[in-house]
Amino acid sequence: MSNTFIEFSIRNGVGKIVLNRPDVLNSFNIPMGQEVQAALRRCREDAEIRAVLLTGSGRAFCAGQDLAEAAPQDKPWPPIRSIVEATYNPIILAIRQLEKPVIAAVNGVAAGAGANLALACDIVLASPKASFIQAFCHIGLIPDSGGTFFLPRLVGFGRASALSLLGEKISADEALQMGMIYKVLPPEELEAAAGDMAAHLATRPTQGLGLIKRALNQSLVNDLESQLLLEADLQASAGTTEDYEEGVKAFLEKRQPQFTGK
Ligand code: T3D
């Protein structure tokens with residue numbers, strides 16, 4: 001797979017996607033969106049990949065939509081709906097529907113769709129150099145890329161309203177305090193720690209982790225009764241995996257399990 005605007009590599013069972021347009025803070029143009037979508041497809045289809053790591057190159061994680069592309073000086077502006085539908089919605093859905101853990105390592109500023117891209121991931125790690133900005137309101141837009149879905153669920157309605165309406169820059173520590181992200185790590189440790197976490201997850205019971213993700217996704221919309229039924233169904237499914245058998249045997253034999261993802 002040859003890429004121009006991202007770097008994609010596979011190592012230790014981890015598919016690593018690096019957004020790579022550092023001069024424009026890794027903002028998304030259409031081809032970068034397509035490359036991210038193709039990489040996520042590969043992560044879904046390739047059984048060797050059992051976890052995914054998403055980060056940015058240079059000083060930013062991602063500044064959202066490339067506004068020079070969205071508002072060209074020399075031709076009519078493309079319809080915003082087509083940008084949202086072609087670039088962001090498929091990426092957010094692919095991350096949520098991928099039944100493998102996705103870690104975001106937020107190395108720097110995450111603004112607009114870049115912030116919400118991070119929030120769509122399963123585990124968000126950040127450096128103290130990171131910040132989160134719901135920048136949409138500064139240019140007359142609304143939070144997209146799942147922002148109006150994930151943000152209130154992560155930080156509560158009141159904070160989500162304030163963040164979306166004010167568009168203030170939130171530091172990594174503030175984001176941690178609000179429950180928006182999982183951990184803040186020293187800048188020089190972020191990449192290695194996120195890589196280690198992804199590599200560790202890639203050795204875990206992949207199908208079981210995928211089913212956990214499916215259950216958590218559904219919990220966002222289900223009532224308790226439906227969720228209990230779903231848990232019973234998914235537990236039955238998890239119980240048929242080789243990794244379940246291995247996990248239980250390893251426990252009883254007092255040894256470390258060797259999970260294969262099957
Ligand atoms: O069509 C649609 O728009 C629909 C889709 C919407 C999804 C969205 O994401 S809308 C929100 C788009 N993003 C933004 O509004 C954020 C814009 N960027 C900023 O507000 C600031 O750059 C940051 C707060 C993120 C960082 O500020 P700072 O001071 O650290 O950096 P800077 O100097 O502003 O930016 C550095 C360079 O990156 C600069 O280029 P230059 O002057 O060195 O040639 C800047 O123009 C460029 N850059 C940053 N963000 C974008 C960008 N270029 C294009 N698009 C960007 N989003």
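Helices and strands are taken here as DSSP runs, with helices of at least four residues and strands of at least two, numbered from the N terminus. The structure described is a predicted model, and the report treats its two leading pockets before turning to the ligand.

**The largest pocket**

With a volume of about 560 Å³, this is the largest pocket of the model. Its lining is made up of 23 residues, among which R96, C121, D122, I123 and L216 come closest to the centre. Three elements, namely β7 (123–126), α5 (147–155) and α9 (206–219), each supply at least two residues of that lining, and α9 gives the most, with 6 residues. Because domain 1 (6–201) and domain 2 (206–252) both give residues to the lining, the largest pocket lies between them. By class, the lining of the largest pocket divides into 16 nonpolar, 3 polar and 4 charged residues.

**The second largest pocket**

The second largest pocket holds about 480 Å³ of space. A set of 21 residues lines the second largest pocket, and Q65, L67, A70, I139 and L141 are those nearest its centre. Two or more residues of this lining come from each of α2 (67–70) and α3 (80–97), with α3 giving the most, 4 residues. The lining of the second largest pocket consists of 15 nonpolar, 5 polar and 1 charged residues.

**The ligand and its shell**

Which residues are the closest to the ligand? The ligand is surrounded by 23 residues, and the closest of them are R59, A63, Q65, L67 and A113. Of these, Q65 and L67 are also listed among the residues nearest the centre of the second largest pocket. The elements α2, α3 and β6 (109–111) each supply at least two residues of the shell around the ligand, and α3 contributes the largest share, 3 residues. Sorted by class, this shell has 15 nonpolar, 4 polar and 4 charged residues.

Polar contacts with the ligand involve both backbone and side-chain atoms of the protein, as the following table sets out for D23, R59 and A63.

| Residue | Protein atom | Ligand atom | Distance |
|---|---|---|---|
| D23 | polar backbone atom | oxygen | 3.5 Å |
| R59 | N or O atom in the side chain | oxygen | 2.9 Å |
| A63 | backbone N or O atom | nitrogen | 3.0 Å |

Taken alone, the ligand exposes 1,000 Å², and 64% of that area is buried by the protein. R59 and A63, which supply two of the tabulated contacts, also belong to the group of residues closest to the ligand.

Methods
Residues numbered from 1 in each chain as written. Predicted model: local features only at pLDDT ≥ 70, side-chain atom pairs only at ≥ 80, totals over all residues. Heavy atoms only, no water. 1 Å grid on protein atoms, 1.4 Å probe; cavity = no way out; pocket = protein on both sides within 12 Å on 5 of 7 lines; lining within 4 Å. Points joined across faces, edges and corners; volume = space filled by probe spheres on them. Nonpolar A, V, L, I, M, F, W, Y, C, P; charged D, E, K, R; others polar. Domains from an automatic or database assignment. Near = heavy atom within 4 Å. Polar contact = N/O pair within 3.5 Å; in protein donor to acceptor, adjacent residues only side chain to side chain. Areas by Shrake-Rupley, 256 points an atom, 1.4 Å probe, with all protein chains shown as cover.
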